[in-house]
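Colleague: I would like to go through this model feature by feature. Please give the rule of reading before each case.

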Amino acid sequence: MRRAFSPFNMVSVALGLAFLYLPIVILVIFSFNDSKLVSVWGGWSLRWYRALLDDSAILQAAWVSLRIAFLSACLATVLGTLAAFALVRMGRFRGRLAFSAMVYAPMVMPEVIIGLSLLLLFVAIDIDRGFWTTMLAHTVLTMCFVTVVVQSRLMWFDWSLEEAAMDLGCRPLRAFFTVTLPLILPAIAAGFMLAFTLSLDDLVIASFTTGPGATTLPIRIYSEVRLGVKPEINAICTLMIAFVAVIVVTGSLLAKRYGAAETEEPRAAPM
Amino acid sequence: MTASAARFDRWYRRLAIGVPYLWFVTFLLVPFLIVLRIGLSQTELAQPPYSPVFDPAAGWQGIKEFVSALSFANYRTLFSDWLYLSSYLRSLTVAFIATAILLVIGLPMAYGMARAPRWMQPMLVTAVILPFWTAFLIRIYAWITILQRDGLLNDVLLALGIIKEPATWLATDTAIFIGIVYSYLPFMVLPLYAAFEKMDDTLLEAAADLGCPRWKAFWLVTLPLAWPGILAGCLLCFIPAVGEFVIPDLLGGSQSLFIGQTLWTEFFSNKDWPVASALATLLLTILLVPILIFQRVQARELEER
């Protein structure tokens, strides 16, 4: 029998969620504010969204950010999935401890350190900083999140399915692509989306590793915000929130459709 | 196993272990060794802006000269200048207090979530994760609008008659605490929720049957069992908070700096790469113990289920 959901429990959850959502809701509402003063309500209007369309610097930065996020999320998904397989499926191998240490390190390592060290690497091997260096740097950060997401799915994976396919004469590579991959696809997709949004969001690492001509959206927003709050920033932030929300909702719907059949009863990995 | 399966197995092993390994060595290990090495160099008005520069063409003699030119001068600077030490201390203190506040707020919230009806729980978890998906910078920016002098917080407090004059929120430590607590709350709540959720409720019933009051059962049964989750949550908040740059920079004042800001200034404004590298090395050294503990907890959580 489960213990009751007491009023105290209910209030603490409600307050916590209110704290998490209130600032975002306020930001979204004020992006439709007609007044030039950020905190004075002047009626509903879309003028800041129109102003945004004329702001070519911000649009360009957004385009750079989207491309970086997409490419780095693709790379991070491949690398992160491989690393998750290495951790779950490979048993013991030489240097496993160092391997898992390096998977978890970027999750907590201060971003200034990741940014600085990668910049110094790019300088040392004499690569011009810009789009590609930022893309690589974001992959360093995001691939470990992909690894953790995919790894926790693989922990529950029923490997006998793959073995059954191979016992029935399926080639290993084919068994992987027709049995294993479709089953873990929701986790891989979740990892991809997480990597994508983390890259879209990053200011610190990009500031170190980017160069002329590759200003990302967060760098642009940051330099505007330092000069003071501007209503256009509310508008671009709202658009970013909406964009990410659409991705997340589509992703979870897809995951539900795809994963409903096999996530109902998590099974312990027979290892 | 057939020959082709064995061959596939070998090939697959090499790929899954080798590729990420190579990646980690190139983009984590080597960069860090470079930071270590530049921390031992001197600033130069040149390209690259530090010396000595290693010249492989000079052979053995070159290596000897290179090594003898390295020095600990930057570290002596760090330890003799109060500016640097005080920013380390400030980052550590603020991160520590913020983690404590996070625990106080996160604990009842996570506990409540674990107690919620089963059908509601996945939705609550999604609700906590969702803000984490919306950009960090945006969430900090949202607070600027609320906390500024003619912002919403002052409007509300004035309207309620709690304060008579607009108070200063922005550029204070309170704003930094709000920023950290707000942005890191999901990191605290999720591991705690995971720990509470898998707990066996019959243990609490047993405690109650034996006459243990509820608060005491929470203290003696629930908390010790949730300990790995509590530790993971605290470290997941504390470690990045120490190195935080955006929150103190946008919400905090300019009088005293976080170590992330000091490093940023040394690098971008003063162009002193060696001192910035030494600062990074020292910061990582300080955080090494918490990072190692976190990795142990994380590895155990994921691998010994």
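Colleague: What is the sign of phi at G91(A), the residue after α3(A)?

Modeller: Helices here are DSSP runs of H or I with at least four residues, numbered from the N terminus. After α3(A) comes G91(A), and its phi is positive, near 65 degrees. This is a predicted model: local features need pLDDT of at least 70, side-chain atom pairs count only at pLDDT 80 or more, and totals for chains, interfaces and linings use all residues. Residues are numbered from 1 along each chain as its sequence is written, with chains lettered from A and ligands numbered from 1 in the order in which they are written.

Colleague: How does the span of helix α3 of chain A compare with expectation?

Modeller: The expected span is 1.5 Å times one less than the number of residues. For the 34 residues of α3 (residues 56–89) that gives 50 Å, which agrees with the 48 Å between its end C-alpha atoms.

Colleague: How do α6(A) and α8(A) pack?

Modeller: Axes are lines fitted to C-alpha atoms, for helices over the stretch in contact, and angles run from 0 to 180 degrees between N-to-C directions. α6(A) and α8(A) pack at about 155 degrees, their axes 8 Å apart. The pair is therefore roughly antiparallel (the term for angles over 145 degrees).

Colleague: Which residues of α6(A) and α8(A) make the contact?

Modeller: Contact requires C-beta atoms, placed from the backbone, within 7 Å. Among them are F145(A) and V149(A) of α6(A), and I188(A) and G191(A) of α8(A).

Colleague: How many residues does each chain bring to the contact of chain A with chain B?

Modeller: Chain A gives 68 residues and chain B 79 residues. On the side of chain A, α1(A) supplies the largest share, 13 residues.

Notes:
Helix = DSSP H or I, 4+ residues; strand = E, 2+ residues; numbered from the N terminus. Contact = placed C-beta atoms within 7 Å. Parallel < 35°, antiparallel > 145°, perpendicular 65-115°, else oblique.
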